[in-house]
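Thank you all for coming. I would like to walk through one part of a structure, and I ask you to keep the view open while I talk.

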Amino acid sequence: MIIVGGEALVDLVPVTAEDGRPALRPALGGGPFNAAIAAARLGARTGFLSRISTDGFGAELVDRLRDEGVDLGLVQRGDELTTLAVADTSDPGAVRYGFYVTGTADRLVEDPGPLPDDVRAVVLGTVSMVLEPGASVYDAVLARESAAGRVSVMDPNIRAALIDDPAAYRTRFRDRLAHTTILKSSIDDIVWLADLPDTSTFDDVLPTVRQWIAAGADVAVVTLGADGIAAVTPDAVVRVPGVKADVVDTIGAGDTVLGAVLARLDAEHDLTVDGVRSMSDDAWADVLDYAARAAAVTVSRPGADPPRPTDL
């Protein structure tokens, strides 16, 4: 089983109402929530670790996970409110968010203790790795499960508006690399984490990614938008091109990549630490191509709506 931990929230997405006025439509989301659904839809046994509100939005989030076949055994419930994110989709290629997170349920997650024996990988990231006290809980889970020999995956998915002390967070991120098997990130994530110019290309950020590999991560999967996806290992860089799509919006695209990478590793390769470390360039190309095709489906549909195998 793959355990995905982190926030489950509600995105308020701008739409045009029937009377022509601007309005906000609630949509279930959150990076880990989307990634868990993507992995489950693509055939991986997947569970979710988080604290989810008992309010109306929380009930919908839990129902969606259940309907998608995601295991709820590690889901905690609380009467705190659900986290809200307001999406700015004025630029379909670069969605921005504002957040309402004070005292919300997902940041109050409690340490579940050692994960069940059948867990092969644990995946953490996004807002949940920023907001306390939950961030420290997830740090403990990451360190413990990595030490237990499980594949550990981190997706920083930076939301800069929530980070009060960038220097401290960058240090914390680097500390987490020692417990990370697979680092998944976008160019924008790397630019922010390394404090690089906004105009940086993949070639510009590659030296930084190599430093992170040297600091402990075994492989970095880097999303390049329409230009595809790259995997950086200690010995190689493997790139696949993007798959052409009529882009509606990019909500959930990176989460789909993450879910698809995990599902493909689990189904066709070896989702163990030794297996990930020993993968050939051709094997990584297969995984990345699968993820690129999956992401192309997601961006062609509104909201975070990952594909199923029949869509690929």
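Let me begin with strands S12 and S13, which pair in the antiparallel sense over four bridges and form a hairpin with four residues between them. Please keep in mind throughout that this is a predicted model. Within this pairing, Ala231 has Val238 of S13 as its bridge partner. On its other side of the discussion, so to speak, S12 is also joined to S11, again by four bridges and with the two strands running antiparallel; here Val222 stands opposite Ala230 of S12. S11 and S12 make a hairpin as well, with five residues between the strands, and in it Gly225 takes a positive phi near 65°. What are the two faces of S12 like, covered or open? Both are covered, with Ile229 and Ala231 buried on one side and Ala230 and Val232 buried on the other.

From these strands I move to helix H6, which spans residues 202–214. Its 13 residues reach 18 Å from the first C-alpha to the last, close to the 18 Å expected at 1.5 Å a residue. The buried residues of H6 are Phe202, Val205, Leu206, Thr208, Val209, Trp212 and Ile213, and what covers them includes the strands I have just described, S11, S12 and S13, together with strand S10 and helices H4 and H5. After H6 comes Gly216, with a positive phi near 145°.

Helix H5 is mostly covered, in that six of its eight residues are buried, namely Ile187, Asp189, Ile190, Val191, Trp192 and Leu193. Those buried residues pack against strand S9, H4, S10, H6 and S11. H5 is followed by Asp195, which sits in the loop between H5 and H6 and has a positive phi of about 55° although it is not a glycine. Is Asp195 buried or exposed? Asp195 counts as exposed, because its relative accessibility is 59%.

A second residue with such a backbone angle is Thr126, in the loop between S8 and H3, where phi is near 65°, a positive value in a residue other than glycine. Thr126 counts as buried, because its relative accessibility is 5%. That loop between S8 and H3 also holds Pro133, and the peptide bond from Glu132 to Pro133 is cis, with omega near 5°. As background for these cases, most residues other than glycine have a negative phi, and most peptide bonds are trans.

Glu132 brings us to Arg172, which lies in helix H4. Leaving aside residues up to four places away in sequence, Arg172 touches Glu132, Ala135, Ser136 and Asp139. Arg172 is partly exposed, because its relative accessible area is 22%. Arg172 and Val130 are 42 residues apart in sequence, and their C-alpha atoms are 9.7 Å apart in space.

Finally, I turn to the second largest pocket, which holds about 230 Å³ of space. Which of its 18 lining residues lie nearest its centre? They are Ala27, Leu28, Arg64, Gly303 and Ala304. Strand S2, strand S3 and helix H1 each supply at least two residues of the lining, and by class the lining has ten nonpolar, two polar and six charged residues.

Technical notes. Residues numbered from 1 in each chain as written. Predicted model: local features only at pLDDT ≥ 70, side-chain atom pairs only at ≥ 80, totals over all residues. Heavy atoms only, no water. Expected span 1.5 Å × (residues − 1). Buried < 20%, exposed > 50% of the residue type's maximum accessible area, 1.4 Å probe, protein only. Contact = heavy atoms within 4.5 Å. 1 Å grid on protein atoms, 1.4 Å probe; cavity = no way out; pocket = protein on both sides within 12 Å on 5 of 7 lines; lining within 4 Å. Points joined across faces, edges and corners; volume = space filled by probe spheres on them. Nonpolar A, V, L, I, M, F, W, Y, C, P; charged D, E, K, R; others polar. Pairing = 2+ DSSP bridges.
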